[in-house]
Amino acid sequence: MRSKNTIIALVAAIILAILSYVVLAFVGLSGARGDGMPVDGLGGFYLQDSASPVMDDLTSVYNLVTYIISGIVAFVVGLMVYIMIRFREKANPVPSKTSHNTLIEVVWTIVPVLILLVMAIPSMNLLYKQDVIKDTEVTVKAIGNTWNWAYLYPDHENVDEIISNPLDETQAKAEGKPYLLATDAALVVPVDTNVKVLVTSVNNMHSWTVPSFGIKMDAVPGIINETWFRATREGTFYGQCSEICGIKHYYMPIEVKVVSKAEYAKWIANDGSFTSSVADNNLGSGQTAAQK
Amino acid sequence: MVALPGENTPAQPSSYDDDGKPGFFARWFYSTNHKDIGTLYLIFGIVSGLIGGFLSFMMRMELADPGIQFFTNEHQYLVYVSMHGLIMIFFMVMPALIGGFGNWFVPIMVGAPDMAFPRMNNLSFWLLPTALICLLISFVVPGNANGNGFGGSWVMYPPLSTTGHPGPAFDFIIIGLLAAGFSSIFGAINFITTILNMRAPGMTMHKMPLFAWSVLVTAFLLLLALPVLAAALFMLFTDRIAGGTGFFDPSRGGDPQMFQHLFWFFGHPEVYIMILPAFGIVSHIVSTFSKKPIFGYLGMAYAMVAIGVVGFVVWAHHMYTVGMDVNLKAYFLAATLVIAVPTGVKIFSWLATMWGGSIRFSIPMQWALAFIFLFVVGGVTGVMLANAGVDAYLHDTYYVVAHFHYVLSMGAVFGIFAGFYYWFGKMFGVQYNKWLAGAHFWLFFIGVNVIFFPQHFLGLNGMPRRYVDYPEEFAIWNQVSSFGAYITLAGVAFFFLMLIEALILNRKRVGDNYWGEGATTLEWTLSSPPPYHQFNTLPRIEDNDGH
């Protein structure tokens, strides 16, 4: 009798777990995905679309872990529901007095360890892929300030420092760009290139992040952190400062413009400008990329 | 040790029942009685909860729509964020769970007449209102050029908390937190001494109720973690003085990352300080309403010890993005995953306790079952966040906010309410109105889920924390989340209606053991409320009693 109950409960819980996978597969993990920026509306319950190999791996680790943890929640809830029905006072007026079962206690210690091992291996792979910098082809420096980002190209002295300020609401609307994400001067990088990002700050801490590339690195004064990404497609990718830095914390977005290698070479040759005229390179910093 | 009759104590009054309650002022202001101090802690927790809840409600109102509606000075919003965190942690959850239920029931459960150091107990309590006043003063004194108050979040990272807030607002917070920290350290010393030395004859450590175990582990965590916070706060304090030290100032050879390590060395055990007593409470409730002894008692007790020990070596998972060596991250990743194992043991032991039981769904049991469900949801998202690689995406997004509110705002707080309803009759002698308590539970349960579940989606979609305004792509789930705040507010209203109804109508007294055969710990052998001084004759625990 008791073992029959156990089997029914486990089967019910496992069915619920499988159901949760199906729901996840159709609803959660295949929901609308933001392309370089958050997606609008009710669809926004998934990671932004990947645009780098690290983010590809990050997405698959996220999926794996989500499957596992949803299964665990469904399993526990299934068991709880079964217990609440089967062992309610009316259905089971005489309680048992069992308070030990060594076998089951060993099982529920060992099984979670195995599940965690399954999770830990791809997770460690991701961590090392993300954190060990590949052969760098382009280096950029992002400097957090109160409250904007400054970008430098240490390998190209002809490109002036880019000061990247957010567009205000009317400006963003006029240009058809997302308010609180768009800036007046984006960081420009070439596609399919290993870009090393040096991140630091001149005063408060900030954090430089681009969700689509799967990177986030704190900008700490006195310390130069480094991270890398390799954008796999052209386009504009947005991020937002992710370490509390004071009153305008919400108002210092990150905008990365990924262009073709040829266009990037031209941009560098033009001293950081997309217009071919070289006459306007004496404009003050902060204006360069906004000329487009 | 317990004083024996006649051992340098004055002659007892002949009337055994004359409990010698002092007058009102002496009783509540000079109180040295553990039950009175416990009640004071609970009242204090409710008051702080109202303040902290008001702050969070204002935040949800602001975030209901894109754009800035209420906080035209954005600094004010950050002040609310920071104070909500500090007040809820230090002045609501900790006083209610440890000071409130710990003081009330740990001495009774181990069969002691009172705490080991009753006067220090009084000091522990009265340091807290002092600390809260310091925090409230910080609201109205200048923080920085942008306005009053401290807006650097509860983590207080420098340089935002040093050069970023030169005004006195943050100094008041440092003083307040030091006072609260000393209060907790004194409380911890008191609990450890009481539990180790004042157990009744026959009450061995392995027979001690799980709530007493949970408070014992918590007290050790407090004792070891809070001095580190105190040190870090002192270092901030001297850093803030012009021409003072430069511990965290890179221009003078300091290191701002060092503060994060110190803070989270305290901060991570702090998380377990808030949840372990709730574990203990839920264990008793599950056992009582299943009419079964706890399943795997020793596993339960040592799982808490394991959580406490491992909790001290995982702190840097709060700061994966700060620029740590990759091998260090790999270690913290692995160590953090390990915590899931003892936590799983606890969850499954609760389920096994219910298995084969005869379950009654009284109000405390509803809160306890909801606790288990919500804690599982919050726990598994913690497993997600432990993965340092994925954390590069999720760190400082609303996914994190959803995670820790599931384990704290729903875990710890549901533990508090579960304990409150479980011991309500025992503490106050009257029973709550079931209808009002049920409305409180369901509104609260639905409300908090509506608030926090959509925040997972916001985080996945990329919304960072501590933002007063956000791109309009995030609008819908924020709206849903704010709607949940209204439901929760209605739940809170029913809580107060329940309190007023019970304490004003003052129905007939409940019996000693109003939950029946399932409730086996010592507080159920006493009257409700217990006598002013219990156990004038110490109880004797038989060999086969309890577990």
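Buried, as I use the word today, means under 20% relative accessible area. The model is a predicted one, so please keep that in mind.

I will start with the salt bridges. Over all chains, a search of the whole structure finds 16 of them. I will go through three.

One of them is in chain B, between B:Asp396 and B:Arg465, with the closest N and O atoms 3.9 Å apart. B:Asp396 sits in the loop between helix 11 and helix 12, and B:Arg465 in the loop between helix 13 and helix 14, so this pair ties together parts that are 69 residues apart in sequence. Are these two residues buried or exposed? B:Asp396 has 5% relative accessibility, so it counts as buried. B:Arg465, at 12%, is buried too.

Next, B:Asp171 forms a salt bridge with B:Arg240, at 3.0 Å between the closest N and O atoms. Here the link runs from helix 5 to helix 6 of chain B, joining parts 69 residues apart in sequence. B:Arg240 counts as buried, at 15%.

In chain A, the side chains of A:Lys129 and A:Asp57 meet at 3.1 Å, N to O. A:Lys129 belongs to helix 3 and A:Asp57 to helix 2, so parts 72 residues apart are tied together. A:Lys129 is partly exposed at 26%, and A:Asp57 is partly exposed at 26%.

Last, helix 8 of chain B, residues 297-310. At 1.5 Å a residue its 14 residues should span 20 Å, and the end C-alpha atoms are 20 Å apart, which agrees. Its buried residues include B:Tyr297, B:Met300, B:Met304 and B:Ile307. The buried residues of helix 8 pack against helix 6, helix 7 and helix 9 of chain B.

How values were computed
Residues are numbered from 1 along each chain as its sequence is written. Chains are lettered from A and ligands numbered from 1 in the order in which they are written. This is a predicted model: local features need pLDDT of at least 70, side-chain atom pairs count only at pLDDT 80 or more; totals for chains, interfaces and linings use all residues. Side-chain values use heavy atoms; hydrogens and water are left out. Helices (H or I, at least four residues) and strands (E, at least two) are DSSP runs, numbered from the N terminus. The expected span of a helix is 1.5 Å times one less than its number of residues. Buried means under 20% relative accessible area, exposed over 50%, partly exposed in between (1.4 Å probe, protein chains only). Contact means heavy atoms within 4.5 Å. A salt bridge is a side-chain nitrogen of Lys or Arg within 4 Å of a carboxyl oxygen of Asp or Glu.
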